[in-house]
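Visitor: I am new to this structure and would like to learn how to read its empty spaces and its core. Could you take me through them slowly?

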Amino acid sequence: MANGTTTPTDLDTRLEAYRTELTGYCYRMLGSSFEAEDAVQDTMVRAWRSYDKFEGRSSLRSWLYRIATNVCLDMLTAGNKRARPMDLTESTPLARAALSPRPDNTWLEPMPDARVLPTTHDPAEAAVAKESVRLAFMAALQQLPAKQRAVLILREVLAWKASEVAELLDTSVASVNSALQRARATLAERQETGAEAAVSDPLDEDQQKLLDRYVAAFEGYDMTALTALLHEDAVMTMPPFDLWLTGTRDITGFMTTLGAPCAGSRLVPVQVNGLPGFAQYKPDPDKGGFTPWAVQVLEISEGRITGFHCFLDTQRWFPLFDLPLHLEAETDQVEQGA
């Protein structure tokens with residue numbers, strides 16, 4: 001190889017060191033857990049094949065981000081913008097609730113923190129990373145044109161200099177600054193129309209107590225207790241269905257009608273999109289025990305749950321979170337996978 005004495009094993013090790021942060025970058029760009037992992041794998045293959053042409057004029061990290069950006073921009077040429085149900089339709093009153101699925105590529109997808117958030121000892125850096133994968137921010141990112149999206153992520157989330165981003169995108173610093181200004185304006189408009197989740201990192205004592213009360217209320221299917229925990233304007237979503245509900249009455253009404261089979265469920269904690277979440281297992285009438293039903297992502301603000309998002313395609317999500325596809329009846333919880 002042209003780059004000195006680097007062996008295939010050495011190169012593999014060096015490339016793998018960047019997998020988590022590159023997955024985070026591609027996830028923010030694409031809004032899809034599986035497309036992000038595919039994009040990173042493509043990036044690694046391209047880097048491996050062209051490493052003998054890498055002359056070290058930039059750092060290995062910068063070079064990998066250039067490749068990953070090109071991969072993501074190629075994947076985004078179809079123009080698909082992943083979204084949440086509330087980005088696509090009006091809220092539906094419970095009386096008109098209907099479960100209408102849309103194709104997988106419609107939806108913003110959940111992602112385990114461990115796959116996209118590199119270990120850091122800087123609390124401020126960790127907080128920014130978590131905030132930048134939360135569902136509301138991710139949904140806002142998807143509304144940006146692809147290159148604006150890349151500029152905003154590189155500048156605001158990853159703290160690259162404008163000159164570094166300009167070099168990566170083969171453009172000028174002025175062009176980067178202009179794209180960043182437009183992206184910030186778009187995000188500011190969206191933030192005015194929706195509340196941001198306000199979750200401490202780590203959870204503060206009150207937030208942890210709120211989650212404990214939520215688990216007790218949900219597993220007990222106690223709608224009175226659950227109502228006390230939900231903000232009056234709380235939102236419930238259930239991708240792949242485009243239905244979304246607003247307010248405690250409609251949410252608890254749904255849970256006791258169409259959602260009634262979820263009574264008696266068990267919740268297993270997961271770390272997802274920089275937010276607290278749970279893997280929900282509902283009773284399995286055929287095999288006994290519990291069967292996967294949803295990955296729940298909770299948004300919390302001012303001591304109440306403001307967002308209650310249930311991702312139902314469990315055959316995809318539970319393996320992604322290293323979760324078992326069955327719980328025995330006597331098992332109330334399992335260890336979360338790495």
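Guide: Let us begin with a term: a cavity is a set of grid points where a 1.4 Å probe fits but cannot get out, and its lining residues have an atom within 4 Å of a point. Please keep in mind throughout that this is a predicted model.

Visitor: With that in hand, which residues line the second largest cavity?

Guide: Its lining is made up of A83, R84, P85, M86, L108, L135, T237, P239, H309 and F311, and the space they enclose has a volume of about 70 Å³. Helix 5 (85–88) and strand 6 (304–311) each supply at least two residues of that lining, which by class has seven nonpolar, two polar and one charged residues.

Visitor: How many cavities of 30 Å³ or more are there, and what lines the largest cavity?

Guide: The count comes to two cavities of 30 Å³ or more. The largest cavity, with a volume of about 80 Å³, is lined by D104, W107, L108, E109, P110, P239, P240, F311, L312, D313, R316 and W317. Sorted by class, these are eight nonpolar and four charged residues, with no polar ones. You may notice that L108, P239 and F311 appear in the lining of the largest cavity and also in that of the second largest cavity.

Visitor: A pocket, I take it, is read in a similar way; what is the volume of the second largest pocket, and which residues lie nearest its centre?

Guide: A pocket, in contrast to a cavity, is an open set of points. The second largest pocket has a volume of about 400 Å³ and is lined by 20 residues, of which P118, T120, E125, A129 and L158 lie nearest its centre. Helix 2 (19–30), helix 6 (113–116) and helix 7 (123–131) each supply at least two residues of the lining, and the largest share, five residues, comes from helix 7. By class, the lining has 10 nonpolar, three polar and seven charged residues.

Visitor: And turning to the core, how many residues does the largest nonpolar core have?

Guide: The largest nonpolar core has 103 residues, and among those with the most contacts inside it are Y25, C26, Y214 and F308. Helix 4 (residues 60–75) gives the most to this core, with nine residues.

Visitor: Taking Y25 as an example, which residues does it touch beyond four places away in sequence?

Guide: Leaving out residues up to four places away, Y25 touches Y65, A68, T69, A150, I153, L154 and L158. Of these, L158 is also one of the residues nearest the centre of the second largest pocket.

Terms used
Residues numbered from 1 in each chain as written. Predicted model: local features only at pLDDT ≥ 70, side-chain atom pairs only at ≥ 80, totals over all residues. Heavy atoms only, no water. Core = buried A, V, L, I, M, F, W, Y, C linked by side-chain atoms within 4.5 Å. Buried < 20%, exposed > 50% of the residue type's maximum accessible area, 1.4 Å probe, protein only. Helix = DSSP H or I, 4+ residues; strand = E, 2+ residues; numbered from the N terminus. Contact = heavy atoms within 4.5 Å. 1 Å grid on protein atoms, 1.4 Å probe; cavity = no way out; pocket = protein on both sides within 12 Å on 5 of 7 lines; lining within 4 Å. Points joined across faces, edges and corners; volume = space filled by probe spheres on them. Nonpolar A, V, L, I, M, F, W, Y, C, P; charged D, E, K, R; others polar.
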